[in-house]
Amino acid sequence: MLEAKELGYRVGERWLLRGVDLNLAPGDFLAVLGPNGSGKTTLLRLLSGELSPTEGEVRLLGKPLEAYGAQGLAQKRAVLSQGREMSFPFTAYEVAFLGRLPHIAGREGPEDHARTWQALEKARAAPLAERFFLSLSGGEAMRVEVARLLAQEGEVLFLDEPTNHLDPRYALELLGLFRAMAHEGRGVVAVLHDLNLAALFADRVLVLKGGKPVAQGGPETVLEPSLLEEVYEVPFRKVGSLGRIPLLLPVPQGVLRGT
């Protein structure tokens, strides 16, 4: 479904990312982890075709990304970015409807509007439909952006910090929704900061540091305190588990209550 080989990206003399290999099969949920500046968003932009690699190649559904035109690529993959700038007074419904544009030849039809409403309902954003997008809170805007992503119906979904601005309940619901979509046969690549959410929802995790891959595999094997301490430069402690899934906490020394 998605394959990257020796992927690298350089700006001037500085490599922002280098030496990344990955394969994403239908049904896979891959979480990309690492500290700030480790190359997570750069990797997502390369995999989605927003950036062209300095070296290496990305193949989507068996074809190089450059073999797709802009519309063809938008029909095959959908992207949820961190930036949500909007200059026009669109309603939430109109923002969600933007996801249908890659599939419209000429005028939109009833099916496009039906799929937009289905996406809003699935994202629990239907009550926001008539509100202006710019008036929404960060969490409400994220739900509308998720509806846009769902309306686009991509086979591979790229998510850049999708739980930003969300309370714990909706973060769990949202990742559960993407987990269910993976079970239906889509591929999901999500940049996450919460290690425990990654452990709960992802089939595999890719850990980056300084633009280079450090580890890749199942969360139960990769998310070990010793590796996390090396990557994040803070002590970690395993505080429990849910089945084989580890639950972890960073434990800075000398600043805890009662110490």
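When I say two residues are in contact here, I mean they have heavy atoms within 4.5 Å of each other. Keep that in mind for the first residue I want to show you, and remember as we go that this is a predicted model.

Okay, so E161. You'll find E161 in the loop between strand 7, residues 156-160, and helix 6. If we skip the neighbours within four places in sequence, E161 is in contact with Q82, M142, V191 and H193. With H193 there's also a polar contact between the two side chains, at 3.2 Å. Now, is E161 buried or exposed? E161 is buried, and yet this glutamate has no salt bridge. The nearest side chain of opposite charge is K40, and K40 is 5.6 Å away. A salt bridge here needs a side-chain nitrogen of Lys or Arg within 4 Å of a carboxyl oxygen of Asp or Glu, so at 5.6 Å the E161 and K40 pair doesn't qualify.

On to the charges that do pair up. How many salt bridges are there by this rule? The count comes to 18. Let me walk you through a few.

Take E173 and R124, whose closest N and O atoms are 2.7 Å apart. E173 sits in helix 6, residues 168-183, while R124 is in the loop between helix 4 (110-122) and helix 5 (138-152), so this salt bridge ties together parts that are 49 residues apart in sequence. Both ends are partly exposed: E173 has 30% relative accessibility, and R124 comes in at 37%.

Next one: K209 with E233, a salt bridge with the closest N and O atoms 3.3 Å apart. Again we're linking distant parts of the chain, with K209 in strand 9 (residues 204-209) and E233 in the loop between helix 9 (225-232) and strand 11 (236-242), 24 residues apart. K209 is partly exposed at 29%, whereas E233 is exposed, at 64%.

Then there's K238 and E224, where the N to O distance is 3.4 Å. K238 is in strand 11 and E224 is in the loop between helix 8 (219-222) and helix 9, so to speak 14 residues apart. K238 is partly exposed at 40% relative accessible area, and E224 is partly exposed at 28%.

And some of these charges come as a group: R100, E111, D112, R115 and E153 are linked in a network of salt bridges.

Let's move to the sheet. What is the order of the strands in the open sheet of four? The order is 2-1-4-5, with antiparallel pairing. Strand 2 (14-24) and strand 5 (63-64) are the edges, each pairing on one side only. Strand 1, residues 2-11, runs antiparallel to strand 2, and seven bridges join them. To put a residue on that, the bridge partner of Y9 is L17, in strand 2. Lying across strand 1, strand 2 and strand 4 (55-60) is helix 1, residues 40-48, which runs at about 120 degrees to strand 1.

Last stop, K63, over in strand 5. K63 is partly exposed, at 38% relative accessibility. Not counting neighbours within four places in sequence, K63 is in contact with V58 and Y68. And if you want a feel for distances, the C-alpha atoms of K63 and K122 are separated by 31 Å, with their positions 59 residues apart along the chain.

That's my tour.

Terms used
Residues are numbered from 1 along each chain as its sequence is written. This is a predicted model: local features need pLDDT of at least 70, side-chain atom pairs count only at pLDDT 80 or more; totals for chains, interfaces and linings use all residues. Side-chain values use heavy atoms; hydrogens and water are left out. Helices (H or I, at least four residues) and strands (E, at least two) are DSSP runs, numbered from the N terminus. Buried means under 20% relative accessible area, exposed over 50%, partly exposed in between (1.4 Å probe, protein chains only). Two strands pair if DSSP finds at least two bridges between them. Axes are lines fitted to C-alpha atoms, for helices over the stretch in contact, and angles run from 0 to 180 degrees between N-to-C directions. Lys and Arg count as positive and Asp and Glu as negative; His and the chain ends are not counted. A polar contact is a pair of N or O atoms within 3.5 Å; within protein, one must be able to donate a hydrogen and the other to accept it, and residues adjacent in sequence count only if both atoms are side-chain atoms.
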